[in-house]
Amino acid sequence: MKKRLIFDLVLLGAIFYTPWWVVIPLALVGAFLFPSYYEVIAFGLLVDILYGAASFPLGGIFGLIAAITIYFGVSNARKAIR
């Protein structure tokens, strides 16, 4: 539990201080390491709230769609590997 909380804080800091191409691999690692990593969806929503623009395709919900894709994609990959 402590490792998950520390990882959540690292990912939250990465959202604020690093570019998106650092955040996405961290989210993938978190979704793969921790079972039922629902936090990735909340972090995707946070990215949209902070940085989403209505002029982008899909109305600025790319972070949420990416987070849901990461969650379900990694869940299926974890089942296939284990």
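Of the 82 residues of the protein, 29% count as buried, and this share is a convenient place to begin reading what is a predicted model. Confidence should be weighed before anything else: the mean pLDDT of the protein is 89, with 94% of the residues reaching 70 or more. Among the elements, helix H1, which covers residues 2-17, has the highest mean pLDDT, at 95, while helix H3, covering residues 39-51, has the lowest, at 90.

The secondary structure consists of 4 helices and 0 strands, so that, read from the N terminus on, the order of elements is α-α-α-α. The radius of gyration is 13 Å, close to the 12 Å that the globule rule gives for 82 residues, and the protein is therefore as compact as a globular protein of that length. Along the principal axes, the C-alpha trace spans about 40 × 25 × 20 Å.

The contacts and the surface add to this overall picture. If one considers contacts between residues at least 6 apart in sequence, 63% of them join residues at least 24 apart. The protein exposes about 5,600 Å², and carbon and sulfur atoms supply 77% of that area.

From these totals one can turn to a single pair of side chains. The structure holds 1 salt bridge, in which the side chains of Glu-39 and Arg-4 meet at 2.9 Å, taken from N to O. This pair links distant parts of the chain, since Glu-39 belongs to helix H3 and Arg-4 to helix H1, with their positions 35 residues apart in the numbering. The two helices joined in this way are also those with the lowest and the highest mean pLDDT among the elements, helix H3 at 90 and helix H1 at 95.

How far are the two partners covered by the rest of the protein, and are they buried or exposed? Arg-4 has a relative accessible area of 18% and is buried, because the cut-off for that class is under 20%. Glu-39, at 23% relative accessibility, counts as partly exposed, so the two partners of the salt bridge fall on either side of that cut-off.

The surroundings of Arg-4 can be followed in the contacts of this residue, which lies in helix H1. Once its neighbours within four places in sequence are left aside, Arg-4 is in contact with Phe-34, Pro-35, Ser-36, Tyr-37, Tyr-38 and Glu-39. The last residue named there, Glu-39, is the salt-bridge partner of Arg-4.

Technical notes:
Residues numbered from 1 in each chain as written. Predicted model: local features only at pLDDT ≥ 70, side-chain atom pairs only at ≥ 80, totals over all residues. Heavy atoms only, no water. pLDDT = per-residue confidence, 0-100. Salt bridge = Lys/Arg side-chain N within 4 Å of Asp/Glu carboxyl O. Buried < 20%, exposed > 50% of the residue type's maximum accessible area, 1.4 Å probe, protein only. Rg over C-alpha atoms; globule rule 2.2 N^0.38 Å. Contact = heavy atoms within 4.5 Å. Areas by Shrake-Rupley, 256 points an atom, 1.4 Å probe, with all protein chains shown as cover.
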